[in-house]
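Me: I am new to this structure and would love a close look at one part of it. Could you walk me through how the sheet is put together and what packs against it?

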Amino acid sequence: MSGPCLVAKVRGAMDYVTQPEMRERLEQVIARAERAVVVDLADVSFCDSAGLNVLLGAHREAEKAAVALVLACVPGLLHRVLEMTGADQVLRVFATVADAEAALSS
């Protein structure tokens, strides 16, 4: 694989109110990516099922575009939601953006 990773920083709540905008923005990032997108979730304050669906949908869109999409800096409560729903088996999770970029560049 060649080309840089794009980093998408998500801030605030990931819920039914923010879902349309978040979905659109992630689709735009995926369309611009050459090979990989790292979704930095460090500043996410809340995530409900709508936010989780956006992440899973973005993962599916990335797969269609042959782009890797991974998560980084996942807050504790969101990490627990990923584990409880099994989404952590679908979405690759890294402790830091740097860890994600290193894994994607190898």
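Reply: Happy to, and please keep in mind that this is a predicted model. A good place to start is helix α3, residues 76-85, which lies across β2, β3 and β4. Its direction makes an angle of about 110 degrees with β2.

Now for the sheet itself. It is open and has four strands, in the order β1-β2-β3-β4, with parallel pairing. The edges are taken by β1 (5-14) and β4 (92-94); each has a single partner strand, so one side of each is left without a neighbour in the sheet. On average, neighbouring strands are turned by 30 degrees against each other, direction ignored.

Look next at the β4 edge. Strand β3 (residues 68-72) pairs with β4 in the parallel sense, over three bridges. Here you can find A72 standing opposite F94 in β4.

Another helix also meets the sheet: α1 lies across β1, β2 (36-47) and β3, and runs at about 175 degrees to β1.

From there you can step to a neighbouring helix. α1 (residues 19-32) packs with α2 (residues 49-64) at an angle of about 20 degrees, and their axes are 10 Å apart. That angle makes α1 roughly parallel to α2. The crossing of α1 past α2 is right-handed. On the α1 side, Q19, M22, R23, L26 and I30 make the contact, meeting A50, G51, N53, V54, A58, E61 and A62 in α2. By class, this contact has seven nonpolar, three polar and two charged residues.

Terms used. Residues numbered from 1 in each chain as written. Predicted model: local features only at pLDDT ≥ 70, side-chain atom pairs only at ≥ 80, totals over all residues. Heavy atoms only, no water. Axes fitted to C-alpha atoms, helices over the stretch in contact; angles between N-to-C directions. Helix = DSSP H or I, 4+ residues; strand = E, 2+ residues; numbered from the N terminus. Parallel < 35°, antiparallel > 145°, perpendicular 65-115°, else oblique. Left-handed = near helix turned anticlockwise from the far one by under 90°. Contact = heavy atoms within 4.5 Å. Nonpolar A, V, L, I, M, F, W, Y, C, P; charged D, E, K, R; others polar. Pairing = 2+ DSSP bridges.
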